[in-house]
Amino acid sequence: MRVHGGERPALPEWADSPFGDREVALVDLLDRVLATGVVVIGDLTISIAGVDLVRVSLNALVASIDEDTPSPWEGGDKADAGQERGAGDSGAR
Amino acid sequence: MTHEREGADALYLYAVARPPAGGALDGIAGVGGGPVHVVSAHGLDAVVSPVALEEFGEEALRRNLEDMAWLEAAARAHHRVVDAVFRSTVAVPLRLATVFLGEESLRSMVGERRGHITAVLSRLVGRIEVGVRVHAVPEQRGSRPGGRASGRTAEPGRPAGAAGPTGAARPAGQGGAAEGGPGRSYLVRRQRREAERERTWATVGAYVHRVRDELAAMAEDWAQHRPQDPRLSRMEGSNVLNAAFLVPADRSPRFLEHAEHLRRVAPPGTLLSVSGPWAPYSFARLDDAAPDREPEAHG
């Protein structure tokens, strides 16, 4: 891997590929834009400054995802436990 | 997200950068679709775009932040601008949704914090942020206890496992001295599985420490984010490491190579993934949220 020397931007080649082409994962993005970055009090954000932006937004986000998409583990444990006895019986033949 | 600009009566601040930040911004749309531009303030470039109060006022903002589609569009637009600036000069990214009523109040904020901002810029110049996360998928549920326990009812002629065919026939009192009854062997198997599970998690724990320590040693700084919610990451298993590393750009190929090596040697069921390069979001903290105390010593 070759690195551009001296010139700005001093980004390595891999900055453009493969990362550059790929869309940034929303979860990684929210980790950064909500939880990090400099916090200064703008004119309009004074009264929401004390609010935990991360929590408020992520709660909402999780809630809205729950509405749209069944969570991956739904129908897992309970259905399994119910079948366990029957499966054992048939397994013994 | 509204794209009309008539009501653009406030300024959304993305980043404060060392000049010139303007070159990379041509044709880039900000949150809400407004054109991104630079406001010069006390020798620094504040990167802004006009936004409407009806979208970014306090009330509206509270509502909008709970709207996932709005939040995603805003976060992506915010990132698009920060990323463009980051690729052309050193910049301090602001947290999402920092809004000013006009250039005057924006300039006075920059002026009050100029010393801090300049110090952070010096620390971040030529650095990139690399995200590294590790997910561990717990033990597969493949071998169900129910299936093995059926050995209890197996005929003596058919070996049902290590306990042997005699297990079922032997009276309980005698069995305790030797291999043990079926109940006991079940217990032994169960303990063995528990021990195995513990070993697995110990392996994962040791791996996570290794990843963190070895990458941190190659980085200038590192930060840990809270574990990601699987419903947001759409990743199976537990997020056992969610870290960000601050790496000098010229050392980043070596850093990335080592991350790739660590990815290859991950224990079974453990997945390491790398993201970036990011603008140094996770390291853009002003030492003090308060304005500079000192008078204009370095004017």
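Okay, let's start with chain B: of its 299 residues, 37% count as buried. Keep in mind that this is a predicted model. Chain B is built from ten helices and nine strands. If you take its contacts between residues at least 6 apart in sequence, 76% of them join residues at least 24 apart.

So, the sheet. Four strands of chain B make an open sheet, and the order across it is β7-β8-β6-β9, with antiparallel pairing. At the edges you've got β7 (221–224) and β9 (270–278) of chain B; each has a single partner strand, so one side of each has no neighbour in the sheet. Going from one strand to the next, the twist averages 20°. Let me pick out one pair: β6, residues 127–136 of chain B, runs antiparallel to β8, residues 238–248 of chain B, and the two are joined over ten bridges. If you want a spot to click on, take I128(B), whose bridge partner in β8(B) is V247(B).

Next, a helix pair. How do α8 and α10 of chain B pack? Helix α8 of chain B covers residues 182–218, helix α10 of chain B covers 252–264, and they pack at an angle of about 170° with their axes 10 Å apart. The two are therefore roughly antiparallel to each other. From α8(B), the residues in the contact are V211(B), E214(B), L215(B) and M218(B). They meet R254(B), F255(B), H258(B), A259(B) and L262(B) of α10(B). Sorted by class, that contact has six nonpolar residues, one polar and two charged. And you can see the spacing along the helices, because an α-helix has 3.6 residues a turn, so residues three or four places apart point the same way.

Quick detour to L53(B), which sits in helix α1 of chain B, residues 53–56. Is L53(B) buried or partly exposed? Partly exposed: 17 other C-beta atoms lie within 10 Å. L53(B) is 63 residues from H116(B) in sequence, and C-alpha to C-alpha they are 29 Å apart in space.

Now chain A, and here's where we need some care. Its pLDDT averages 54, and 15% of the residues score at least 70. Among the elements of chain A, helix α1 (residues 26–33) has the highest mean pLDDT, 88, and helix α3 (residues 77–92) has the lowest, 35. There are stretches where pLDDT stays under 50, including residues 1–10 of chain A, where the model has 17 contacts beyond four places in sequence. Another is residues 70–93 of chain A, with 15 such contacts in the model. Where pLDDT is low, the predicted coordinates should not be read in detail.

So let's look at α1(A). Seven of its eight residues are buried, so α1(A) is largely enclosed by the rest of the structure. The buried ones are V27(A), D28(A), L29(A), L30(A), D31(A), R32(A) and V33(A). What do they pack against? In chain B, the partners are α3 (68–86), β6, α9 (230–233), β8 and β9.

Last stop, α1(A) against α3(B). Their axes come within 10 Å and cross at roughly 70°. That makes α1(A) roughly perpendicular to α3(B). On the α1(A) side, the contact uses L26(A), L29(A), L30(A) and V33(A); on the α3(B) side, E72(B), A75(B), R76(B), H78(B) and H79(B). By class, the residues of this contact split into five nonpolar, two polar and two charged.

Notes:
Residues are numbered from 1 along each chain as its sequence is written. Chains are lettered from A and ligands numbered from 1 in the order in which they are written. This is a predicted model: local features need pLDDT of at least 70, side-chain atom pairs count only at pLDDT 80 or more; totals for chains, interfaces and linings use all residues. Two strands pair if DSSP finds at least two bridges between them. Axes are lines fitted to C-alpha atoms, for helices over the stretch in contact, and angles run from 0 to 180 degrees between N-to-C directions. pLDDT is the predictor's confidence in each residue, from 0 to 100. Two residues are in contact if their C-beta atoms, placed from the backbone, lie within 7 Å. Angles under 35 degrees count as roughly parallel, over 145 as roughly antiparallel, 65 to 115 as roughly perpendicular and the rest as oblique. Ala, Val, Leu, Ile, Met, Phe, Trp, Tyr, Cys and Pro count as nonpolar, Asp, Glu, Lys and Arg as charged, and the others, Gly among them, as polar. A residue is buried if 20 or more other C-beta atoms lie within 10 Å of its own, exposed if 12 or fewer, and partly exposed in between; C-beta atoms are placed from the backbone.
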